[in-house]
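Grab a pencil and open the viewer. Below are a few short exercises, each followed by a worked solution, so try each task before you read on.

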Amino acid sequence: MARLKAVRHEDRLTLVEHLDELRTRLIVSILVFAVALALCFWQNHLLLDIAKGPLPDGRDRLLTFGVTEPFMTTLTVSAYGAILLSLPIILYQVYAYVLPAFSDQERRVATPLLFLIPLLFVAGVVFAYFVVMPAATKFLLNFNDDQFNVQVRARDYYSFFTTTLLAVGVIFQVPVGILAVTRLGIVTPQQLSQNRRYAYLIISIVAAALPGVDPVTMLIEMVPLIVLYELSIVLARLFGRSGSERLPEPTTQER
């Protein structure tokens, strides 16, 4: 029988029931994505106009080459929009399938972090759209523009746009990762503070690896990462595992 309701930790399911639950949740996720894709493709003009928003004035008439490129580019942008639109329901299906395997103590650690993930992802996407993309496109399109006939190809721009938004949304998960490792007792806030210089080096490498290759974009992306890292240390001190907290000792049967 198809199972949509989340399983409780104390429930004992057979392998067939676990596979049935997994199949049901995959079907639900695929159907939700298909509906979101149809909706985004129906409103593709709105999506394309939103995606062209960060472009400087006079650059919003993008070029296409070949017979199929307008359709395939529109379909690709619609698919990215469908991913963002269906993400909350897909994440719920993942959480509902995985969380029952956690103990009560592990769930107390994981549940608040799971609420933070979509919020931080949306914050990263908004930051990328309103701050990173306008600065990146303005710098890159005006760089040595007197030496080049600069034309913007639709496929290349939308690929740059979507990967930048997704990448910044992912790296905004830094507080979640840091809170997770501190709550699990892997590292302490003191260790995070003492190794700050190494963290800044890693942040600069991550910023350089993001889609925006110019130094202006790199610096813009580094600032929120550093702020998020420092904020994570503060949150880890407030909500991380205290020195008095210890994992419960295993019983004789568990050893």
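## Exercise 1: A charged pair between two helices

R196 pairs with E230 in a salt bridge, and their closest N and O atoms are 2.6 Å apart. Keep in mind that you are looking at a predicted model.

**Task.** Work out which helices R196 and E230 belong to, and decide how exposed R196 is and how exposed E230 is.

**Solution.**

Step 1. Start with the idea behind the pairing: side chains with opposite charges can pair when their charged atoms come close.

Step 2. Check the distance. A salt bridge needs the nitrogen and the carboxyl oxygen within 4 Å, and here the gap is 2.6 Å.

Step 3. Find the helices. R196 sits in α8 and E230 in α9, so the bridge ties together parts that are 34 residues apart in sequence.

Step 4. Now the exposure. Partly exposed residues fall between the buried cut-off of under 20% and the exposed cut-off of over 50%. R196 has 27% relative accessibility, so it counts as partly exposed. E230 comes in at 24%, so E230 is partly exposed too.

## Exercise 2: The other salt bridges

**Task.** How many salt bridges are there in total? For the bridge between E69 and R153, say which partner is buried and which is partly exposed.

**Solution.**

Step 1. The total comes to three salt bridges.

Step 2. One of them joins the side chains of E69 and R153, at 2.9 Å from N to O. This pair links distant parts of the chain: E69 is in helix α3 (residues 69-98), R153 is in the loop between α4 and α5 (154-171), and the two are 84 residues apart.

Step 3. E69 has a relative accessibility of 7%, so it counts as buried. R153 has 23%, so it counts as partly exposed.

Step 4. D49 and K52 also meet through their side chains, at 3.9 Å from N to O. D49 is partly exposed at 48%, and K52 is partly exposed at 21%.

## Exercise 3: Rings that meet

**Task.** What kind of aromatic pair do Y129 and F130 form, and is each ring's residue buried or exposed? Then do the geometry for Y200 and Y229.

**Solution.**

Step 1. Know what to look up: a pair of aromatic rings is described by the distance of the centres and the angle of the planes.

Step 2. The structure holds seven aromatic pairs. In the pair of Y129 and F130, the centres are 4.9 Å apart and the planes stand at 80°. Planes over 60 degrees apart count as edge-to-face, so that's the label for this pair.

Step 3. Y129 is buried, with a relative accessible area of 18%, whereas F130 is exposed, at 58%.

Step 4. Y200 and Y229 also make an edge-to-face pair, with 6.4 Å between centres and 75° between planes. They link distant parts of the chain: Y200 is in helix α8 (residues 196-209) and Y229 in helix α9 (residues 215-239), 29 residues apart.

Step 5. Y200 is partly exposed at 29%, and Y229 is buried at 8%.

## Exercise 4: Who surrounds Y129?

**Task.** Where is Y129, and which residues does it touch, leaving out those up to four places away in sequence?

**Solution.**

Step 1. Y129 is in helix α4 (residues 104-142).

Step 2. Outside that sequence window, Y129 touches I50, G53, P54, P134, F161 and L165. Take P54: it's 75 residues from Y129 in sequence, but their C-alpha atoms are 6.9 Å apart in space.

Step 3. Look for polar contacts. The Y129 side chain reaches the backbone oxygen of I50 at 2.6 Å.

Step 4. Look for rings. Y129, F130, Y157, Y158 and F161 are linked into a cluster by ring pairs.

Step 5. Try another α4 residue, T137. T137 is buried at 4% relative accessibility, and its side chain reaches the backbone oxygen of M133 at 2.8 Å. Beyond its neighbours within four places, T137 contacts P54, L55, P56 and Y157.

## Exercise 5: Step back

**Task.** How many helices and strands does the protein have, and what percentage of its residues are buried?

**Solution.**

Step 1. Count nine helices and zero strands.

Step 2. Of the 255 residues, 35% are buried.

Step 3. For the surface, find L19, L22, L26 and I30, which make a nonpolar patch of about 370 Å². L19 belongs to helix α1 (residues 15-42).

Definitions and conventions
Residues numbered from 1 in each chain as written. Predicted model: local features only at pLDDT ≥ 70, side-chain atom pairs only at ≥ 80, totals over all residues. Heavy atoms only, no water. Helix = DSSP H or I, 4+ residues; strand = E, 2+ residues; numbered from the N terminus. Buried < 20%, exposed > 50% of the residue type's maximum accessible area, 1.4 Å probe, protein only. Patch = residues over 30% accessible without salt bridge, like charges linked within 9 Å, V, L, I, M, F, W, Y side chains within 5 Å. Areas by Shrake-Rupley, 256 points an atom, 1.4 Å probe, with all protein chains shown as cover. Phe/Tyr/Trp six-rings, centres within 6.5 Å; stacked < 30°, edge-to-face > 60°. Contact = heavy atoms within 4.5 Å. Polar contact = N/O pair within 3.5 Å; in protein donor to acceptor, adjacent residues only side chain to side chain.
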